[in-house]
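Thanks for making the time this morning. I would like to walk through one structure with you, with the cut-offs stated as we go.

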Amino acid sequence: MKRHHGRSFWQSLVVRIPYLWLLAFFLVPFLIVLKISLSQTAIAQPPYVPVLDLAAGWPGLKAFFAALSFDNYVLIGSDPLYLLSYVKSVEIAAFSTLILIFIGYPIAYAMARLPRRWQAVLVVLVVLPFWTSLLIRIYAWMNILQHDGLLNQALMALSIVKEPQAWLATDTAIYIGVVYSYLPFMVLPLYATLEKHDESLREAAADLGCPRWKIFWLVTLPLSSSGLLAGVLLCFIPIVGEFVIPDLLGGSQSPMIGQTIWTEFFSNKDWPAASAVAVVLVCLLVTPILVYQNQAMRTLERE
Amino acid sequence: MRKVSAFNLFAILLGAAFLYLPIVVLVIYSFNASRLVTVWGGWSTHWYAALIDDAPLVESAFISLRLALVSATVATLLGTLAALALVRFGRFRGRLPFAAMVYAPLVMPEVITGLSLLLLFVAVAVDRGFWTVAIAHTTLAMCFVTVIVQARLIDFDMSLEEAAMDLGASPLRTFLAVTLPLILPAIAAGWMLAFALSLDDLVIASFTTGPGATTLPIRIYSEVRLGVKPEINAVCSIMVGVVGIAVIAASLLAKLSGTRGASARVRVR
């Protein structure tokens, strides 16, 4: 009896400590963002009103709720700058995810077909760049893409172009940076499912006279759909909110939404507007995030 | 027998070249004697020697290392507890929101995580600095640790624990003597990932930092915005080298402990 009691005490502690941490530092901050998105900018410290003052009691609480407004959301809806920013982020995320599928799938497929010993080496090779700082990897591309960088030197040496081309500060540079940075996130989940495939299924299809492209389309691809979905979500969701890549490689004319939040916050010091932009972004991503969580938990239960 | 076609090999070679060429170029150019980043002026370690005299940069490097040590350690502790809770305690009340809070930060854009944590720190009127960044990094990293340790716990052979309990070991003793050593490789991998995440992070640190806590990525970012410089090439090459050696060492270590763990399991059986 005593032992049972002791165990349940430890059990509740094991659950409660991380639970409380995430409540305090993940959920509560979100509620604060939501609240500030309904506030007004002010020249004060902190730079927004109203500030919730619990000491003022019930009338204070009522005054607080009366002062909340949807002005920031009206602003986002009416200013085309914000709308363009959202559209551009989703567009870049969607197209680069598509490119990632076309580049990542052949790599993952080839990895899964190699002898076991080589597979382990290749997994380390794919993961290794992910451990290196994103900032450094993007900076490495700045070296290559700049006006007199290696890419232009190589293209001119091969006489593909006559004049040096502008690569930096273009959307092409953003695509290159995004595809480069997120490739491991696409390859690894795909490899994990492809590696478990039973080769005899493909052999059976081939024996029955199925052409190779059709085997891929009817057998391989459907069997790898869970890995494909995981890869798509792991890439698409963070790319939409990406800041470092468009900031260092992209141009200044049309910022992505992560940059918009950053400038609203750091340059314009408009905390309520930054919060409102962030809330709309979360709403935009809430469906893919829920699909991702569902997928992650299902994989967990199945194991 | 699986056949590896020429197309397969081509995909792998091209992929590897794409992943590694930029980093190789960066490292080579960090040894360039010429101040002009694109003109090759012969080999030189000049830029590395110049780094030691750059006091703010060295200070930032130490802040980042300390930050990574602290946040990785706390995150590993919290993440391991969370993984145990998720795998071992069945369907406790509030499991679903708990799991949701573990998975959501993994894909949440960093800008939002950083902004929301900053607004929290402002709301409770804490002075921002080293510890606020440490809390922010811990929160993000613990979710990654949870996923890694969780995967290991799912593969875990429960009969080992049952055997220890049948022989009279207390739950705590069972955990320390049987469970912990077997999941240790995953915990170590989680710690390393948490360490790397903290060392790497620019966005969340920029939001949550304060005076006197300028991390290395923040310092590098402010330089990089102004363009490509040979000194920065040298700093980045050092970081690439350190990370590369650490990851290779760790994967060798994991391989060793993995085979040892497996043989221990066979012996117990």
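I will take the enclosed space first, then a surface patch, then a single histidine.

This is a predicted model, in which local features need pLDDT of at least 70 and side-chain atom pairs count only at pLDDT 80 or more, while totals for chains, interfaces and linings use all residues. Residues are numbered from 1 along each chain as its sequence is written, chains are lettered from A and ligands numbered from 1 in the order written, and side-chain values use heavy atoms, with hydrogens and water left out.

There are six cavities of 30 Å³ or more, a cavity being a set of points on a 1 Å grid over the protein atoms alone where a 1.4 Å probe fits but cannot get out. The largest has a volume of about 90 Å³, the volume being the space filled by probe spheres set on the points. Its lining, meaning residues with an atom within 4 Å of a point, includes A:Leu122, A:Val187 and B:Tyr20, and α1(B) gives the most, with five residues.

On the surface, A:Phe9, A:Trp10, A:Leu13, A:Ile17, B:Leu172 and B:Leu176 make a nonpolar patch of about 560 Å², to which α1(A) brings the largest share, four residues. A:Trp10, in helix α1 of chain A, is partly exposed because its relative accessibility is 45%, between the limits of under 20% for buried and over 50% for exposed, with a 1.4 Å probe and protein chains only.

Lastly, A:His197, in the loop between α8 and α9 of chain A, counts as buried because its relative accessible area is 11%.

Key. Helix = DSSP H or I, 4+ residues; strand = E, 2+ residues; numbered from the N terminus. Patch = residues over 30% accessible without salt bridge, like charges linked within 9 Å, V, L, I, M, F, W, Y side chains within 5 Å. Areas by Shrake-Rupley, 256 points an atom, 1.4 Å probe, with all protein chains shown as cover. Salt bridge = Lys/Arg side-chain N within 4 Å of Asp/Glu carboxyl O. 1 Å grid on protein atoms, 1.4 Å probe; cavity = no way out; pocket = protein on both sides within 12 Å on 5 of 7 lines; lining within 4 Å.
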